[in-house]
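Subject: Structure for you to look at

Hello,

Here is the structure you are taking over. My notes on what was found in it follow below.

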Amino acid sequence: MKALIAVKRVVDANVKVQVKSDGSGVDIANVKMSMNPFDEIAVEEAVRLKEKGIVTEVIAVSCGDAKCQETLRTAMAIGADRGILVETSEELQPLAVAKLLKALVEKEQPQLVILGKQAIDDDANQTGQMLAALADLPQATFASKVELAGDKLNVTREVDGGLETISLSLPAVVTTDLRLNEPRYVTLPNIMKAKKKQLDTFKPEDLGVDVKPRLKTLKVSEPPKRGAGIKVPDVATLVDKLKNEAKVI
Ligand code: AMP
């Protein structure tokens, strides 16, 4: 069974981003970029399924500019067999990415498509769901456990009240939650091996997809600064203030 994994290049999770002075977005010039953490989990899960003999080929896909090749090489160093870059300089929004992935699903016919539950840069949490709808595939979002049971995929999902397990027919779309697995460290030999793996590049036009943005960002602003706290002399004063000033108890 083939697995197709979507990997996005995003600002590294440890970078503290600054909002541009004109409020048009965040400044990502000269900041460290990495693979979206949920996508690392997606690649790890596919590689584990390959190691168990369930998946036969793991294909990583990234959409964006030429630098996304680095992200694909990282995916291949984790264990993906090959990479596909959909190269464009256009700003990509979730709907456009979902359409590109749908075209690749039609081309590659994977049984399993794994995405991150959300990209940590735009926090959209939309692409997996849109892809499932466009490709008319069953979906399991926020997966914390994935198991093949015969010709079905059992996915345990983190929901508000606890854990929910659902059974999906294949092919299916799964989006990863944080607790699905802990991605392995990439080793130097595997980084070297990844450089020799196949990486194909397409343009959105080759896949017949119009990626023009449909949403316009009106404004991005910093969160309000937190005010200073106060010290109270004793518990009675604290309770009084919570009750009568903050009115939270
Ligand atoms: P989002 O809907 O933007 O929060 O992204 C959810 C997931 O969709 C990510 O974790 C990735 O797996 C995938 N994705 C989003 N944008 C891209 C992209 N440009 N290239 C590859 N995968 C993407």
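The ligand comes first. A backbone N or O atom of A6 lies 3.0 Å from an oxygen atom of the ligand. Two other backbone pairs belong in the same list: a backbone N or O atom of A119 is 2.8 Å from a ligand oxygen, and a polar backbone atom of N125 is 2.7 Å from an oxygen atom of the ligand. On its own the ligand would expose 480 Å², and the protein buries 98% of that. Please keep in mind that this is a predicted model.

The shell around the ligand is made up of 18 residues, the closest being D39, A119, N125, Q126 and T127. By type, the shell divides into eight nonpolar, seven polar and three charged residues. Strands β6 and β8 each supply at least two of the shell residues. The largest share, three residues, comes from β6.

Strand β8 and the loop after it

L115 lies in strand β8. Is L115 buried or exposed? L115 counts as buried because its relative accessible area is 3%, and the cut-off for buried is under 20%. Leaving out residues up to four places away in sequence, L115 touches A6, D39, A42, L101, T127, G128, L131, V173, V174, T175 and T176. A6 in that list is the residue with the 3.0 Å backbone distance to the ligand, while D39 and T127 are among the closest residues of the ligand shell. The C-alpha atoms of L115 and K8 are 9.3 Å apart, although 107 residues separate them along the chain.

K117 sits in the loop between β8 and α4. K117 counts as buried because its relative accessibility is 16%, with the limit for buried set at under 20%. Which residues does K117 touch, not counting residues up to four places away in sequence? They are F38, N125, F142, T175, T176 and D177. T175 and T176 also appear among the contacts of L115, and N125 is the residue with the 2.7 Å backbone distance to the ligand.

D123 is placed in that loop between β8 and α4 too. Its phi is near 50°, a positive value in a residue other than glycine. D123 counts as partly exposed because its relative accessibility is 46%, between the limits of 20% and 50%.

Helix α3

Helix α3 covers residues 94-108, which is 15 residues. From first C-alpha to last it reaches 20 Å, close to the 21 Å expected at 1.5 Å a residue. Its buried residues are P94, A96, V97, A98, L100, L101, A103, L104, V105 and E108. What do these buried residues pack against? The partners are strands β1 (2-6), β6 (57-64), β7 (82-87) and β8 (112-116), together with helix α4 (127-135). L101, one of the buried residues of α3, is also among the residues that L115 touches. Just after the helix, Q109 takes a positive phi of about 55°.

Backbone points to check

Most residues other than glycine have a negative phi, and most peptide bonds are trans. Besides Q109 and D123, D136 has a positive phi, about 55°, although D136 is not a glycine. D136 lies in the loop between α4 and β9 (139-149). D136 counts as exposed because its relative accessibility is 70%, and exposed begins over 50%. There is also a cis peptide bond, joining L170 and P171, with omega about 0°. P171 lies in the loop between β11 (162-169) and β12 (172-176).

The chain as a whole

The chain has six helices and 13 strands. Along its principal axes, the C-alpha trace spans about 65 × 45 × 40 Å. Of the 249 residues, 39% count as buried. The chain exposes about 14,200 Å², and carbon and sulfur atoms supply 52% of that area. Of the contacts with a separation of 6 or more, 70% are between residues 24 or more positions apart.

Regards

Definitions and conventions:
Residues are numbered from 1 along each chain as its sequence is written. This is a predicted model: local features need pLDDT of at least 70, side-chain atom pairs count only at pLDDT 80 or more; totals for chains, interfaces and linings use all residues. Side-chain values use heavy atoms; hydrogens and water are left out. Helices (H or I, at least four residues) and strands (E, at least two) are DSSP runs, numbered from the N terminus. The expected span of a helix is 1.5 Å times one less than its number of residues. Buried means under 20% relative accessible area, exposed over 50%, partly exposed in between (1.4 Å probe, protein chains only). Contact means heavy atoms within 4.5 Å. A residue is near a molecule or strand if one of its heavy atoms lies within 4 Å of it. A polar contact is a pair of N or O atoms within 3.5 Å; within protein, one must be able to donate a hydrogen and the other to accept it, and residues adjacent in sequence count only if both atoms are side-chain atoms. Accessible areas come from the Shrake-Rupley method with a 1.4 Å probe; for residues, only the protein chains shown count as cover. Ala, Val, Leu, Ile, Met, Phe, Trp, Tyr, Cys and Pro count as nonpolar, Asp, Glu, Lys and Arg as charged, and the others, Gly among them, as polar.
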